[in-house]
Amino acid sequence: HSFFPSCLLIEEERHVRANDRNYNDKFFYADNHIKTSKYNVFTFLPINLFEQFQRVANAYFLVLLILQLIPEISSLPWVTTTVPLVMVLVITAVKDATDDYFRYKSDQQVNNRQSQVLRGVLQNEKWMNVRVGDIIKLENNQFVAADILLLSSSEPYGLFNCVFSLGEVICEAPNNKLDKFKGTLYWRGSKFPLDNEKMLLRGCVLRNTDWCFGMVIFAGLQTKLMQNCGRTTLKRTSIDKLMNTLVLWIFGFLVCMGVILAIGNTIWEQEVGRSFQVYLPWERPVSNNNAVFSGFLTFWSYIIILNTVVPISLYVSVEVIRLGHSYFINWDGKMYYGQKDTPAEARTTTLNEELGQVEFIFSDKTGTLTQNIMVFNKCSINGNTYGDVYDEFGHKVEVSERTACVDFSFNPLSDRKFTFHDSSLVEAIKMEEPSVQEFFRLLALCHTVMSEEKNEGDLLYQAQSPDEGALVSAARNFGFVFRSRTPETITLYEMGTAVTYQLLAILDFNNVRKRMSVIVRNPAGQTKLYCKGADTIIFDRLDPSNEDLMDTTSEHLNEFAGEGLRTLALAYKVLDRDFFEEWMTRLLLASTVMENREQRLADLYEEIETGLLLLGATAVEDKLQEGVPETIACLTLANIKIWVLTGDKLETAMNIGYSCNMLRDDMNEVFIISGHTAAEVQQQLRSAREHILGLSRVSNTADEEKTEMFSNDSVFEETIIAEYALIVNGHSLAHALEPELEQVLLETACLCKTVICCRVTPMQKAQVVELVKTNKMAVTLAIGDGANDVSMIRTAHIGVGISGQEGMQAVLASDYSFAQFRYLQRLLLVHGRWSYFRMCNFLFYFFYKNFAFTLVHFWFGFFCGFSAQTVYDQWFITLFNIVYTSLPVLAMGLFDQDVNEANSHRYPGLYRPGQLNLLFNKRQFFLCTLQGIVTSFLLFFVPYGAFSLGVRADGLHLSDQQSFAVTIATSLVIVVSVQMGMVCYLAVYFAILLAMQSDGLFSIFPSQFPYIGTARSCLAQWSVWLVILLTTAVCVLPGMAVRFLKTDLYPTLTDKVRRLQKASRKQGPREQNLRRVRRTSSRRSGYAFSHQQGYGELITSGKNMKVGQY
């Protein structure tokens, strides 16, 4: 230990002393400095170059550069490879440096935040200077600087009020478990157990507390937040993977050409070259008449000359195009949400073209399809429903913005933002109907909401779920105002009168109970239990005398469920005082035991929550976001399958499915998988699949094999005309995702038009996405708005975050983000489809032009004795990819459109080619290779044939090598530009050509610009222009004819839309048969409780109470 710092060892437990840096520094704990940037000024160049040369293409060109420095094999100067390679390295380095600089600025901003550290007196310190063991002070709305143990706070019911010195904490080593912490505080000879409730984690914000003090336990990279920031896996598109394969194929093709030409050189030197040794003496290495060695050297020479067939500028061009597409998304005003000042953001530049190939969308429901803003809509009290509006004839009226709202002016503490349209409920309140008053009294008492009142009557509710906030706000407006609370009391204003209830116990919510209760004592001394929860749970605990009321309320709940509302039932019970005192004694005893504590408490809760009297039910609306049904319908027409993965209960998810038109009454069948065992789930899935496939039963192995064959055939999936939906419950999904059942689940789900999974955990969301991603070989997209969607977003090929009500966790983990679900349609059908179309066109023409350019050397080899002589001027070779043809092909990759954005929305079927990967695949690559080979053949042999017999106007021959090179180069640039439709860029070529072959540059650099005057002399001859014109026509016209005939005789949907667009016919958008159905389900809708466990204990402990509330 004396020679090795403990940071090099595995830390098993942590020892921290308060305000004792000398002691704590012995353990070499991490400081609070955060560094996410990769480079600094000194390490940038070596590290970045090392990273860049790990890419195969860059390493390959570095090897070529080294080969070019060997004079025996190089017929090209080193500059032809150096200039493109240096440009690629510089552009990539600038991009990497820019990205890292922004990371560095972000680090600096965080590290330089100020924190108050106690060192005798409070003094300001930067976050990066905070150390383990320091005592820091936090104030309201401040970020927590590190993982700290809470010692004292402004609240009188705080945890510890201890001296900030001499204490020592022994705790667990740093880990990434956010919900667990184990430790012991040793202070003044006593031991205090520490758990997660006594910790404040880095990144949190202090709320509802004026100040607090805490001791730093974990700092910097060892905090739980940073421990959870695992490396995000690099997402690569299918085109990326294809490009790597194609580059390897091209390299193999290059080697084959080199071998052919090397064999040709060996044969030529053996048979012909010997006769010319007087004129062409062999160099020293081959002076021993070794033709084979000459062929070996020629092989490497041709590898150098033909290297441009593997384009070095390809990867940089692709990155530039992707960056441009990302900016188009960021700049799109039609994806900007003005209400929250939120633009769309492409948070990655590597996935744009894959947005045009999505086949599966996995969507969260709450906050993604819905607004996650809850509105108290209707209720049922004592068998009467409230919330509907009727006209003077007793007919129900559809509520709209024009419908008159209830006047709450009688209540000075009402929330002006709250709206309700049924005035009969206010009348019942004013008439002091006991059941109605008790109903709203329950809503005002049974919750975990915190109240803030900065100004008199200006109430602000802090609710841990939007449902709770909506219900407490409803009670507030109907005259039962929750005003304040302490750990022992709740103060209400009931119809203007202050009433304080003694809070005796909170029976907290959890996922098993699906309900919460409070026990209070009113000023009259009466003890009551108020309970709210899922209706199925509450109804099982009602007193038998409530059966008729339960039946009536159940009918009302079915009506509410049919409208997609989130429901819960309310009940109460008057408790005998003696019984309650005895029960409370047992509760306190059970809460202090260490073994089986949770079960004992659950049994006690169960005992007292019986014999309840039903009050009624509430119905809260989680409104759909604008344009959700239309977006889903349009994406469905684009053959995109949408699966909803939600934590909500089955009935609520189904109702939202009907609201979104994902589920419809005219569907052939809606299968619900709700088995509790693996065998039940397997049987239900198989039954559903057999029903879809039209098989009444699977009687023998042969039939079963036939079923497997059909269900695995994606073509068969598409032949199913009938529409089916599959709904899987959470406990059933857990079985269905087991290895032996996951294929059955996948096969059945892929046969259905709609899939909804409810009560899904974040891990299950990721497992479902991974299942489809792995087995279907299809591009997946996950979209969500909350922390529970992060795993799904990271697992999918493309992750989209919606900046909504649940914070920014989903956005920070996503690849793309925006504010509304409806923008997904534009992201995919416009930006995604265009990006895919442009990238495919770019790659096709990029490979085509490089084959046409490079293979001219191959044909020339047969006429120059396979001597590795180049056809073109060295500067043309250097500038062909980075200047002459880079701008046209980049412009096409950035701005080309097949159809405009309006028609992209109007005809969703245009999206289909991207899903089938039709625009650029191995077949398309072979076609562009073949076209490039043919073009190179014509580019060489048409001028060769014309020049072999032609003469200039003055009688001199045209056939000197330099004129021949200029003619072929000019023809090549014109042919490539015409093929891409970018003829305007020819001016750049001629300007550079004439400059480089001018007297001026030759006189300055005679060895670098040997083609003096060639361009002026050659291009002044009309016969040369005729040859160029003939070559261009022969190269271009056949391809144009084929495209014309194909478009005319076998038009694709794109061709048809393009023709309509060209004719400027004004055609309205395709009408969708979208019927908003009113659901009349017989299924009871239980309350989709969005609570979390633990808030009741938090309130009764007083840890979140403010002084001002007393």
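This passage describes the fold, the charged and aromatic contacts, and the annotated sites of a predicted model.

The chain contains 1110 residues, of which 53% are buried. Its secondary structure comprises 38 helices and 32 strands. Contacts within the chain often bridge long stretches of sequence: among those between residues at least 6 apart, 73% join residues at least 24 apart. The accessible surface amounts to about 50600 Å², and carbon and sulfur atoms account for 57% of this area.

Several spans carry an annotation in the sequence record. In an unreviewed entry, UniProt lists residues 76–94, 246–268, 299–318, 842–863, 875–895, 925–944, 964–995 and 1024–1045 under "transmembrane region". Two of these spans were examined in the model. Residues 246–268 are 100% helix and 0% strand, with 32 Å between the end C-alpha atoms. For residues 842–863 the helix content is 91% and the strand content 0%, and the end C-alpha atoms are 33 Å apart.

A second annotation in the unreviewed UniProt entry, "binding site", covers Asp364, Thr366, Asp785 and Asp789. These residues span 426 residues in sequence, yet no two of their C-alpha atoms are more than 10.8 Å apart, so they gather at one spot. Aspartate 364 is placed in the loop between E12 and strand E13 (370–381). Because its relative accessible area is 4%, aspartate 364 counts as buried. Beyond residues up to four places away in sequence, aspartate 364 touches Leu369, Leu645, Thr646, Lys765, Ile783, Gly784, Asp785, Asp789 and Met792. Two of these neighbours, Asp785 and Asp789, also belong to the annotated site.

Charged contacts were considered next. Side chains of opposite charge can pair when their charged atoms come close. Across the whole structure, 31 salt bridges were found. One of them joins aspartate 240 to arginine 322, with the closest N and O atoms 3.0 Å apart. This pair connects distant parts of the chain, since aspartate 240 belongs to helix H6 (residues 238–271) and arginine 322 to helix H8 (residues 313–330), 82 residues apart. Both aspartate 240 and arginine 322 are buried. Arginine 322 also forms a salt bridge with glutamate 353, for which the closest N and O atoms are 2.5 Å apart. Glutamate 353 occupies the loop between strand E11 (345–346) and strand E12 (358–363), whereas arginine 322 is in helix H8, so this pair ties together parts that are 31 residues apart in sequence. Glutamate 353, like arginine 322, is buried.

A further salt bridge joins the side chains of glutamate 606 and arginine 541, at 2.6 Å from N to O. The two partners come from distant parts of the chain: glutamate 606 lies in helix H15 (residues 597–608) and arginine 541 in the loop between helix H12 (535–539) and helix H13 (547–562), 65 residues apart. Glutamate 606 counts as partly exposed because its relative accessibility is 33%, whereas arginine 541 counts as buried because its value is 14%. Elsewhere, Arg21, Arg119, Glu125 and Asp134 are joined into one network by salt bridges that share partners.

Aromatic contacts are also present, and the structure holds 57 aromatic pairs. In one of them, phenylalanine 27 and tyrosine 29 are stacked, with 5.4 Å between the ring centres and 10° between the planes. Phenylalanine 27 is partly exposed, with a relative accessible area of 22%, while tyrosine 29 is buried at 14% relative accessibility. A single aromatic cluster is formed by Phe858, Trp859, Phe860, Phe862, Phe863, Phe866, Phe937, Phe940, Phe941, Tyr944, Phe947 and Phe964. Charged groups also lie over aromatic rings. Arginine 113 is positioned over the face of phenylalanine 143, 4.6 Å from the ring centre, and arginine 483 over the face of tyrosine 493, 4.4 Å from the ring centre.

Finally, the backbone was examined. Most residues other than glycine have a negative phi. Phenylalanine 28, which is not a glycine, has a positive phi of about 55°. Phenylalanine 28 is located in the loop between helix H1 (21–25) and helix H2 (44–52) and is partly exposed, with a relative accessible area of 47%. Asparagine 382 likewise has a positive phi, near 55°. Asparagine 382 lies in the loop between E13 and strand E14 (384–386) and is partly exposed, with a relative accessible area of 44%.

Note on methods. Residues are numbered from 1 along each chain as its sequence is written. This is a predicted model: local features need pLDDT of at least 70, side-chain atom pairs count only at pLDDT 80 or more; totals for chains, interfaces and linings use all residues. Side-chain values use heavy atoms; hydrogens and water are left out. A salt bridge is a side-chain nitrogen of Lys or Arg within 4 Å of a carboxyl oxygen of Asp or Glu. Helices (H or I, at least four residues) and strands (E, at least two) are DSSP runs, numbered from the N terminus. Buried means under 20% relative accessible area, exposed over 50%, partly exposed in between (1.4 Å probe, protein chains only). UniProt positions are given in the numbering used here, feature names are shortened, and annotations may be inferred rather than shown by experiment. Contact means heavy atoms within 4.5 Å. Accessible areas come from the Shrake-Rupley method with a 1.4 Å probe; for residues, only the protein chains shown count as cover. Rings of Phe, Tyr and Trp (its six-membered ring) pair if their centres lie within 6.5 Å; planes under 30 degrees apart count as stacked, over 60 as edge-to-face and the rest as tilted. A charge sits over a ring if NZ of Lys or CZ of Arg is within 6 Å of the ring centre and within 35 degrees of the ring normal.
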